[in-house]
Amino acid sequence: QLQGRISAHPADITNPSTLPSAFEGATAVVSLVGLMSGSRAQFEEVQWRGAGNVARAAREVGAKVVHGRAIGPDAGAGGESKVEYARTKGLGEREVRAVCGDATVVRPSLVFGEGDGFFAVSL
């Protein structure tokens, strides 16, 4: 029933000016971005600030937000975790909820797809 109604629109979440055009006409935006490794600055730019950029752009076009975080309890939700992945995922969720109080947050154990480094590995 959803054929033709769901489409992927890759965008640069670190550049907020690129997002509204990618989200134009959407009723919902699903953001599953995440890093497994990187510097503190990269984790913050993508998983925290990038999540906020997505939420603000979705709100701007009137779309509902579905935000992918990570499996587990609220570890890092307040930014206190020493693990950058958990800390910034928690801060990202907090940012999304601050911008879009009605956002849906999902916490899958693993998300994989094109270029994921898990299953799409060249041997």
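## The largest pocket

In this predicted model, the largest pocket holds about 830 Å³ of space. Its lining is made up of 24 residues, and those nearest the pocket's centre are Ser 7, Ala 8, His 9, Val 29 and Val 30. If you sort the lining by class, you will find 15 nonpolar, six polar and three charged residues.

Two elements are worth picking out on your screen: helix H1 (19-23) and strand E1 each supply at least two residues of this lining. E1 gives the most, with four residues.

## Val 30 and a surface patch

Val 30 deserves a look of its own. This residue lies in strand E1, which covers residues 28-31, and is among the residues nearest the centre of the largest pocket. Val 30 counts as exposed because its relative accessible area is 54%, and the cut-off for that label is over 50%.

Val 30 also belongs to a nonpolar patch on the surface, together with Leu 32 and Val 106. The accessible area of the three residues together is about 240 Å².

## The enclosed cavity

Turning to enclosed space, the model has one cavity of 30 Å³ or more, with a volume of about 30 Å³. To find it, look for Ser 31, Val 33, Val 46, Gln 47, Ala 51, His 67, Gly 68 and Lys 89, which line it.

Helix H2 (40-61) and strand E2 (64-68) each supply at least two of these lining residues. The largest share comes from H2, with three residues. By class, the cavity lining has three nonpolar, four polar and one charged residues.

Technical notes. Residues numbered from 1 in each chain as written. Predicted model: local features only at pLDDT ≥ 70, side-chain atom pairs only at ≥ 80, totals over all residues. Heavy atoms only, no water. Patch = residues over 30% accessible without salt bridge, like charges linked within 9 Å, V, L, I, M, F, W, Y side chains within 5 Å. Areas by Shrake-Rupley, 256 points an atom, 1.4 Å probe, with all protein chains shown as cover. Salt bridge = Lys/Arg side-chain N within 4 Å of Asp/Glu carboxyl O. Buried < 20%, exposed > 50% of the residue type's maximum accessible area, 1.4 Å probe, protein only. 1 Å grid on protein atoms, 1.4 Å probe; cavity = no way out; pocket = protein on both sides within 12 Å on 5 of 7 lines; lining within 4 Å. Points joined across faces, edges and corners; volume = space filled by probe spheres on them. Nonpolar A, V, L, I, M, F, W, Y, C, P; charged D, E, K, R; others polar.
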